[in-house]
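I opened my notebook to look up aromatic rings and one helix. Here is the structure I worked from.

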Amino acid sequence: MDDRKRELKGSESRDAFKHWHKTGHRSFYGCDMDFVLVEKCPPGIAAVVDYKKPGDRITFSEVIAYNALLDAGTPVYIIESGNLQRFTVYEYMGGDPKPEPPLAELRTVLLNGTEADYWQWENALRMRYRNAAK
């Protein structure tokens, strides 16, 4: 991997596009996924993670997207952290986008973990993907 890509923190052009899309056609909904955990061998998607700060809500469009990912066999996790030093990880189990606020069933898999706890969890997740793909 190009080491310069590891240094990237975000994209002003991506954020500009998302903002442009949100202010465009009012009935064209969308959402972004924060990070896709990709495996090289075997090639595929181990999971999708979405980052939330404490108190952030899951939107109806996220519930629709998360449900579609689950239907396709891709697990979805919500990573909650306020400071990137302590992490709570939830597995998204399913949801209903219709009520306001939408309903999302979450299962806690890591509660207030350290950075080392987070990496241990992600490694185990990737190992499960690799073993299941054999």
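Are Tyr 77 and Trp 121 buried or exposed? I looked this up first, keeping in mind that the model is predicted. I found Tyr 77 buried, and Trp 121 is buried too.

**Entry: aromatic pairs**

I counted seven aromatic pairs. One of them joins Tyr 29 and Phe 60 edge-to-face, with 5.0 Å centre to centre and 85 degrees between the planes. This pair links distant parts of the chain, 31 residues apart: Tyr 29 sits in the loop between α2 and β1, and Phe 60 in helix α3. I noted Tyr 29 as exposed, at a relative accessible area of 57%, while Phe 60 is partly exposed at 31%.

I then went back to Tyr 77 and Trp 121, whose ring centres are 5.0 Å apart with planes at 75 degrees, so this pair is edge-to-face. Here, too, distant parts of the chain are linked: Tyr 77 belongs to strand β3 and Trp 121 to helix α4, 44 residues apart. I also found that both belong to one aromatic cluster with Phe 87, Tyr 118 and Trp 119.

**Entry: helix α4**

I followed Trp 121 into α4, which has 18 residues and spans 26 Å from first C-alpha to last, close to the 26 Å expected. Its buried residues include Tyr 118, Trp 121, Leu 125 and Tyr 129. Which way do the buried residues of α4 point? Seen down the axis, they fall within an arc of 130 degrees, so they line one face of the helix. On the other side I noted Ala 116 and Gln 120 as exposed. Last, I looked up what covers the buried residues of α4, and the cover includes β1, β2, β3, β4 and β5.

Key: Residues numbered from 1 in each chain as written. Predicted model: local features only at pLDDT ≥ 70, side-chain atom pairs only at ≥ 80, totals over all residues. Heavy atoms only, no water. Phe/Tyr/Trp six-rings, centres within 6.5 Å; stacked < 30°, edge-to-face > 60°. Helix = DSSP H or I, 4+ residues; strand = E, 2+ residues; numbered from the N terminus. Buried < 20%, exposed > 50% of the residue type's maximum accessible area, 1.4 Å probe, protein only. Expected span 1.5 Å × (residues − 1). Arc of directions from axis to C-beta. Contact = heavy atoms within 4.5 Å.
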